[in-house]
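Look at the chain below and follow it from the surface to the inside. The text after it takes up a patch, a core and some annotated spans.

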Amino acid sequence: MLGGAQGVVAYLFWAVAIAAFVVEVWAFIDAVRRPAAAYSAAGKLTKQLWLIILGVALLFGLAGAVQLVSIIQIVPIIGFIAAAVYLADVRPAVRQYGRGGSSSSGPYGPW
């Protein structure tokens, strides 16, 4: 059993791994909700490719969160970077194209 400062650091790394996993889940769910046409209209990779990238990132993050791999190893870091790239670059570009489907709102709000 770890004691003292080692225990605190272990819990800190676990908290960071959980936070990174939450970011990866958020990125994956957001990518699923965006329409496929928005990705090509924004000049980004296809929706299917982003779902594959973020799905693998989600698996890497899960491995870090359940401590199958250490957070300081490269695998969870790669997963977090992929999710961060999606959230910082792709999401703002495809966000302006909406979520797809029909809505009952006009140009100035709901009908």
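In this predicted model, Ile74, Ile77, Ile78, Phe80, Ile81 and Val85 form a nonpolar patch on the surface, with an area of about 500 Å². One of these residues, Ile77, belongs to helix H4, which covers residues 74-95. Is Ile77 buried, exposed or partly exposed? Its relative accessible area is 34%. Buried means under 20% and exposed means over 50%, with partly exposed in between, so Ile77 counts as partly exposed.

The inside of the model can be described through its largest nonpolar core. This core has eleven residues: Ala27, Ala31, Ala38, Tyr39, Trp50, Leu54, Ala83, Tyr86, Leu87, Val90 and Val94. Two or more core residues come from each of helix H1 (5-33), helix H2 (36-41), helix H3 (47-65) and H4. Which of these elements gives the most to the core? That is H4, with five residues.

Ala83, one of the core residues, shows what such packing looks like in detail. Leaving aside residues up to four places away in sequence, Ala83 touches Val23, Glu24, Ala27 and Leu54. Among these contacts, Ala27 and Leu54 are also members of the core.

Finally, there are the annotated spans. An unreviewed UniProt entry places the feature "transmembrane region" at residues 12-29, 49-65 and 71-89. In the model, residues 12-29 are 100% helix and 0% strand, and the C-alpha atoms at the two ends are 26 Å apart. Residues 49-65 are likewise 100% helix and 0% strand, with 24 Å between the end C-alpha atoms.

Note on methods. Residues are numbered from 1 along each chain as its sequence is written. This is a predicted model: local features need pLDDT of at least 70, side-chain atom pairs count only at pLDDT 80 or more; totals for chains, interfaces and linings use all residues. Side-chain values use heavy atoms; hydrogens and water are left out. UniProt positions are given in the numbering used here, feature names are shortened, and annotations may be inferred rather than shown by experiment. Helices (H or I, at least four residues) and strands (E, at least two) are DSSP runs, numbered from the N terminus. Patches are made of residues with over 30% relative accessible area and no salt bridge: like charges are joined within 9 Å, nonpolar side chains (Val, Leu, Ile, Met, Phe, Trp, Tyr) within 5 Å. Accessible areas come from the Shrake-Rupley method with a 1.4 Å probe; for residues, only the protein chains shown count as cover. A salt bridge is a side-chain nitrogen of Lys or Arg within 4 Å of a carboxyl oxygen of Asp or Glu. Buried means under 20% relative accessible area, exposed over 50%, partly exposed in between (1.4 Å probe, protein chains only). A nonpolar core is a set of buried Ala, Val, Leu, Ile, Met, Phe, Trp, Tyr and Cys residues joined through side-chain atoms within 4.5 Å. Contact means heavy atoms within 4.5 Å.
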